[in-house]
Amino acid sequence: MPKMTMVQALNLALRQEMERDESVVVLGEDVGVDGGVFRVTDGLIQQFGETRVVDTPLAESGIVGMSIGMAVYGLKPVCEIQFSGFSYYTLHQMENHAARLRWRSQGRYGVPLVMRAPYGGGVRALEHHSESRETFWSHIPGIKMVIPSGPRNARALLVSAIRDPDPVVFYEPKALYRAFREEVPEEEEAMPLSRSLIAREGRDLTLIAYGAMMRPTLEAAEKLHSAHGVEAEVIDLLTLSPMDDSLLVASARKTGRVAVVHEAPRSFGPGAEIIARLVEKAFYHLEVPVARVTGYDVVIPLFSRETHYLPGVPRIVHAARQLLAA
Amino acid sequence: MPRTRIELADAIEYLSILDENGTLDRSLEPSIPAETLLRLHRTMLLARRFDERLLSLQRQGRIGTFPPIAGQEAAHLGAVAMLRPSDWIVPAFREMAADIWRGRPLESIIVYNNGFNEAGRIPADRNDMPISIPVGSQLLHAVGIAWAIKYRGQSDVAMTFFGDGATSQGDFHEALNFSGVFQVPAIFVCQNNQWAISIPRAKQTRSPTLAQKALAYGIAGIQVDGNDLLAVYAAADEAVQRARAGQGATLIECVTYRMAVHTTADDPKRYRTDAEVEEWRRKDPITRFQTYLAAKGLLAADAVAAEEAAVQAEIQAAVDRAEEQMKRLGDPLLMFEHAYAQMPAYLKEQREEFIRLRAETQEEK
């Protein structure tokens with residue numbers, strides 16, 4: 001199996017889905033000739049031509065609004081928003097139309113679009129290039145919010161997102177674009193949406209994370225094991241909405257000690273929903289209050305101090321040890 | 001020569017064929033079959049009377065808030081009259097006459113305006129989008145549909161409707177710009193009815209016309225008398241032919257007037273004068289069209305009264321059917337449907353919770 005970066009794995013997913021289904025069309029700013037600013041769409045225009053790999057004018061609402069029309073007609077547009085910080089222009093099209101046309105037309109028009117956007121901090125970027133606003137999309141009924149955590153699941157989830165009949169916001173952890181390689185099979189591989197997975201089994205406590213935070217969370221689990229003899233179970237959410245809570249609940253019932261890790265600001269962040277589900281479904285199994293290891297309720301600072309904002313291994317280990325000490 | 005004049009190719013035309021007195025410019029008269037003309041007349045009349053009936057139903061509390069269309073019948077019907085069933089309509093929310101022309105049953109409009117999602121269903125044989133309330137947002141959908149039509153090598157068009165207020169929105173700019181860049185078969189029909197609730201046309205833009213905005217995007221644009229069905233038809237027909245021929249999009253500004261309230265929740269006396277409304281009443285689209293049909297020998301003197309009686313009977317029958325239908329509608333469980341293609345697990349749990357709570361809270365009522 002070839003080893004790939006997340007960028008290469010995403011590129012493979014796009015290429016194979018375009019080969020498989022000519023209703024799949026890629027569009028966005030700089031996705032064609034340039035191959036995308038992160039090169040996720042590299043080479044696609046050479047293989048599929050400019051009718052299927054469309055460089056659009058610089059207008060995010062336009063890109064998504066047009067994608068909605070394309071999807072209603074029966075195409076499968078995969079649009080790229082260059083940075084998630086610029087995706088808020090599209091919130092209005094996503095909330096008012098993409099998420100609702102199936103409902104508004106009572107089943108006649110689905111909107112099978114995918115909106116890809118790199119999100120998150122850790123790459124020493126400019127303002128508006130490091131935010132984690134996945135909550136915006138997760139709160140909208142009718143939209144699916146997916147965040148992969150590695151090359152292999154990024155590829156398999158993007159394949160499923162493209163084939164999904166509903167609009168999917170696909171946030172790509174840009175800090176992981178080239179951070180490491182994984183074996184990714186050349187042959188087709190898809191992973192179901194709305195399914196989380198156990199990334200590491202353990203009995204002593206549960207760490208719940210997703211996206212770029214999976215790396216420090218797994219590292220923290222390793223350190224908890226090697227330095228402290230603690231077995232942490234780590235759950236990778238993969239799809240934030242609609243959220244599959246079965247593994248979270250089962251794990252919380254088993255360990256009774258849970259920490260949620262995300263780089264999004266704490267208040268009203270994904271952790272709030274996760275903890276609410278645990279309160280609803282596993283309250284009597286919880287030994288201690290659930291901990292949140294998250295970004296703070298501030299704008300993520302410019303990069304000289306972003307590592308102080310982002311949850312890292314020490315904060316996760318510290319939170320885990322406090323849960324165990326309580 | 002550092003400072004020279006840039007020659008811009010186009011100027012904007014204004015088109016009027018049948019003036020407010022019913023006087024016809026024969027040289028511009030579009031060729032419309034007599035049967036279609038009569039159907040257009042019937043639909044104009046039906047839409048006007050139905051609008052009045054909806055208003056009275058609303059005042060009686062038998063339906064909810066709705067946006068009346070009176071005065072804009074020609075600007076709706078002239079635009080859609082030459083479309084094929086396979087063409088796409090992407091409406092805003094005040095295009096009821098176009099909707100009726102495209103085959104929407106009157107009772108569906110009543111049931112929808114009484115708050116039943118069921119009536120939002122679009123049947124499989126109509127390529128029309130449901131109404132779109134956020135102003136201007138739907139133009140981009142028409143561009144996407146038109147892009148897809150072109151991608152699939154079809155000759156259909158996507159026609160979208162919006163008001164003068166929508167031209168101030170960013171999505172208007174983005175849609176027209178995209179349509180020009182991608183040269184897609186889209187037709188932008190602006191219902192310039194002079195008022196966006198209380199904001200007059202002059203406060204939306206300093207541009208003397210809305211049609212001229214087309215020039216900036218490199219697409220065709222024309223301003224027409226929107227109360228002149230023949231002018232709207234001629235401009236739309238030209239735009240449709242241009243689109244089908246692969247020559248790109250058109251912006252049509254229909255200069256018309258919203259004779260009634262913005263919605264039934266609005267009081268226009270706060271922002272405009274009766275004198276202004278009366279002035280536009282003289283430009284009514286229906287009376288001049290009747291003059292035209294009479295002059296062509298298509299509408300006998302007593303035919304209008306007969307048509308009036310026929311549309312009133314049709315409306316009454318629709319009201320009866322709607323009220324009968326609504327007795328059977330309203331299952332609250334419908335609210336859980338169509339959020340996603342397949343209901344997610346947690347939503348199923350919420351649906352179960354709703355069923356349980358409905359039973360358990362009976363005694364609290």
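**Local backbone features, helix packing and chain contact in a predicted two-chain model**

With 16 C-beta neighbours inside 10 Å, R39(A) counts as partly exposed, since a residue is called buried only from 20 such neighbours upward and exposed at 12 or fewer. The structure described here is a predicted model, and within it R39(A) is placed in the loop that joins strand 2 (24-28) to helix 2 (44-48) of chain A. The backbone of R39(A) has a phi near 75°, a positive value in a residue other than glycine. Most residues other than glycine have a negative phi, and most peptide bonds are trans.

A positive phi, of about 60°, is also found at F268(A), which is likewise not a glycine. F268(A) belongs to the loop between strand 13 (258-265) and helix 10 of chain A, and, because 12 C-beta neighbours lie inside 10 Å, F268(A) is classed as exposed. A further backbone feature of chain A concerns the peptide bond from S241(A) to P242(A), which is cis, with omega near -5°; P242(A) itself is part of the loop that runs between strand 12 (239-241) and helix 9 of chain A.

Chain A as a whole contains 12 helices and 14 strands. For its 326 residues, a compact globule would be expected to have a radius of gyration near 20 Å, and the value of 19 Å computed for chain A agrees with this. The C-alpha trace of chain A extends over about 60 × 40 × 40 Å along its principal axes, and buried residues account for 60% of the 326 residues. Of the contacts in chain A with a separation of 6 or more, 80% are formed by residues 24 or more positions apart.

Two of the helices of chain A, helix 9 (residues 246-255) and helix 10 (residues 270-282), pack against each other at an angle of about 65°, their axes being 10 Å apart. The crossing of helix 9 and helix 10 of chain A is right-handed. On the side of helix 9, the contact involves L248(A), V249(A), A252(A) and R253(A), which meet I274(A), R277(A), L278(A), K281(A) and A282(A) of helix 10. Classified by residue type, this contact between helix 9 and helix 10 of chain A comprises 6 nonpolar and 3 charged residues, with no polar ones.

In chain B, an open sheet of 6 strands is arranged in the order 1-7-8-4-3-2, with parallel pairing. Strand 1 (13-15) and strand 2 (88-90) of chain B stand at the edges of this sheet, where each has a single partner strand, so that one side of each remains without a neighbour in the sheet. Neighbouring strands of the sheet are turned against each other by 20° on average, direction ignored. The pairing of edge strand 2 with strand 3 (residues 158-163) of chain B is in the parallel sense and extends over 3 bridges; in one of its bridges, I89(B) has M159(B) of strand 3 as its partner.

The contact between the two chains draws on 36 residues of chain A and 33 residues of chain B. On the side of chain A that touches chain B, helix 3 (60-73), helix 4 (91-98) and helix 5 (101-104) each supply at least two residues, and helix 3 of chain A gives the most, with 10 residues. By class, the residues on this side of chain A divide into 13 nonpolar, 17 polar and 6 charged.

Conventions:
Residues are numbered from 1 along each chain as its sequence is written. Chains are lettered from A and ligands numbered from 1 in the order in which they are written. This is a predicted model: local features need pLDDT of at least 70, side-chain atom pairs count only at pLDDT 80 or more; totals for chains, interfaces and linings use all residues. Helices (H or I, at least four residues) and strands (E, at least two) are DSSP runs, numbered from the N terminus. The radius of gyration is taken over C-alpha atoms; the globule rule is 2.2 Å times the number of residues to the power 0.38. Two residues are in contact if their C-beta atoms, placed from the backbone, lie within 7 Å. Axes are lines fitted to C-alpha atoms, for helices over the stretch in contact, and angles run from 0 to 180 degrees between N-to-C directions. A crossing is left-handed if the near helix is turned anticlockwise from the far one by less than a right angle, and right-handed if clockwise. Ala, Val, Leu, Ile, Met, Phe, Trp, Tyr, Cys and Pro count as nonpolar, Asp, Glu, Lys and Arg as charged, and the others, Gly among them, as polar. Two strands pair if DSSP finds at least two bridges between them.
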